[in-house]
Amino acid sequence: MMLTGQARLAGVLGWPVAHSRSPRLHGFWLQQHGIDGAYLPLPVRPERFGHAVRALLDLGFRGANVTVPHKLAAHGLADSLTPRARAIGAVNTLVFENGLIRGDNTDGEGFLRNLRAGARGWQPQRGPAVVLGAGGAARAVLVALRDAGVPEIRLLNRTRQTAEALAEELGTPIRAAAWQDRNAALAGAELLVNTTSLGMTGQPPLELGLERLPDGAVVSDLVYAPLITPLLAAAKARGNVAVDGLGMLLHQAVPGFAAWFGIEPEVTPALREAVLAAG
Ligand code: ATR
């Protein structure tokens, strides 16, 4: 697509940003819909983040995605926050409107949309969820599950204190439990989510015995390199529905694209292939 003088512009702010799959992802949709617009990788050092965002605003950008390490800074800098961005405490999507910066967080929505697409029978009200990890990704997952109506969320983290603090902050139905009790915590669960980096290429494995997990439970891993993590492979082998982490990345991009470029895009197998082909 050739750009005109009216091209709509957006991009992803990160440091580093070269590994980001977002330009390919948004680029796929821009091309698919023949949109006069571009989505660029925007490498910005942490100490320059505020300046860079103001510059994008001045340059007429529609907004930007925000990735590591800027998600907290973006939360602090936005003129307004969506309720979910406020609850999660971090921003991954900036929308510029009338010279003002709106901060949103679409990670939780992306997680839920991906879960619903990959595990059609799953319903939040059906029973307890177990969430492993209490970092930034966990916050988005917890807020999404809580707001969707999951009746009980068991939160387990290596550093128990972090899980306790998060449970206190986000409230019922989240309860912290000890990391070493993770096998037992799976009893009666309808959903298991790994938000830790364990199982990722180059990271230690996630040591978890699935024996207590009910057959009908859904297992979701936010790690998508490898796409089928040892956790997902073990879940599949015993008949549980397994939902990979790439879908969350694809689904979290939908609201930003819609806000900047005016079309609600679809997450399709062809999109998955295009993003995966990026390596
Ligand atoms: P993200 O933004 O992806 O959530 P993060 O905020 O750095 O990344 O969180 C990483 C999560 O993985 C944390 O829950 C971390 O546990 P701690 O709070 O105890 O650090 C978890 N994690 C990382 N390495 C781990 C390991 N070797 N064993 C258990 N948990 C680990």
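This report describes the two domains of a predicted protein model, the contact between them, its salt bridges and some local backbone features.

Residues are numbered from 1 along each chain as its sequence is written, and side-chain values use heavy atoms, with hydrogens and water left out. Because the model is predicted, local features need pLDDT of at least 70 and side-chain atom pairs count only at pLDDT 80 or more, while totals for chains, interfaces and linings use all residues.

## Domains and their contact

The protein chain is split into domain 1 (8–105 + 252–276) and domain 2 (108–244); the bounds come from an automatic or database domain assignment. Between the C-alpha centres of domain 1 and domain 2 the distance is 26 Å. Domain 1 gives 11 residues to the contact and domain 2 gives 13 residues, where contact means heavy atoms within 4.5 Å.

The size of an interface is often given as the accessible area lost when the parts come together. Here domain 1 and domain 2 bury about 870 Å² between them, and 50% of this is on carbon and sulfur atoms. Buried area is the accessible area (1.4 Å probe) that two parts lose on being put together, summed over both. On the side of domain 1, the residues that lose the most area to domain 2 are Ala 87, Ile 88 and Arg 272, which together make up 48% of what that side buries.

Between domain 1 and domain 2 there are 3 salt bridges, a salt bridge being a side-chain nitrogen of Lys or Arg within 4 Å of a carboxyl oxygen of Asp or Glu. There are also 3 residue pairs in polar contact between domain 1 and domain 2, both residues at pLDDT 80 or more. A polar contact is a pair of N or O atoms within 3.5 Å; within protein, one must be able to donate a hydrogen and the other to accept it, and residues adjacent in sequence count only if both atoms are side-chain atoms.

Helix 4 (83–88), helix 11 (254–261) and helix 12 (269–276) each supply at least two residues of the side of domain 1 that touches domain 2. Helices (H or I, at least four residues) and strands (E, at least two) are DSSP runs, numbered from the N terminus. Helix 4 has the largest share of that side of domain 1, with 3 residues. Sorted by class, the side of domain 1 that touches domain 2 holds 5 nonpolar, 2 polar and 4 charged residues. Ala, Val, Leu, Ile, Met, Phe, Trp, Tyr, Cys and Pro count as nonpolar, Asp, Glu, Lys and Arg as charged, and the others, Gly among them, as polar.

## Salt bridges

The structure holds 12 salt bridges, including those in the table.

| Pair | Closest N to O distance |
|---|---|
| Arg 84 and Glu 109 | 2.6 Å |
| Asp 104 and Arg 84 | 2.8 Å |
| Glu 190 and Arg 126 | 2.9 Å |
| Glu 264 and Arg 113 | 3.7 Å |

Asp 104 forms a salt bridge with Arg 84. Asp 104 lies in strand 6 (residues 100–104) and Arg 84 in helix 4, so this pair ties together parts 20 residues apart in sequence. Asp 104 is buried at 11% relative accessible area, whereas Arg 84 is partly exposed at 28%. Buried means under 20% relative accessible area, exposed over 50%, and partly exposed in between (1.4 Å probe, protein chains only).

Glu 264 forms a salt bridge with Arg 113. Glu 264 is in the loop between helix 11 and helix 12 and Arg 113 is in helix 5 (residues 107–118), 151 residues apart. Glu 264 is exposed, at 52%, and Arg 113 is partly exposed, at 33%.

Arg 84, Asp 104, Glu 109, Arg 113 and Glu 264 are joined into one network by salt bridges that share partners.

## Met 248 and backbone features

Met 248 is in helix 10 (residues 246–252) and is buried, with 10% relative accessibility. Leaving aside neighbours within four places in sequence, Met 248 is in contact with Asp 107, Gly 110, Phe 111, Asn 114 and Leu 222.

A cis peptide bond joins Trp 15 and Pro 16, with omega about 0 degrees; Pro 16 is in the loop between strand 1 (8–14) and helix 1 (22–32). Another cis peptide bond joins Ala 225 and Pro 226, with omega about 5 degrees.

Asn 98, not a glycine, has a positive phi of about 55 degrees. Asn 98 is in the loop between strand 5 (93–97) and strand 6 and is exposed, at 79% relative accessibility.
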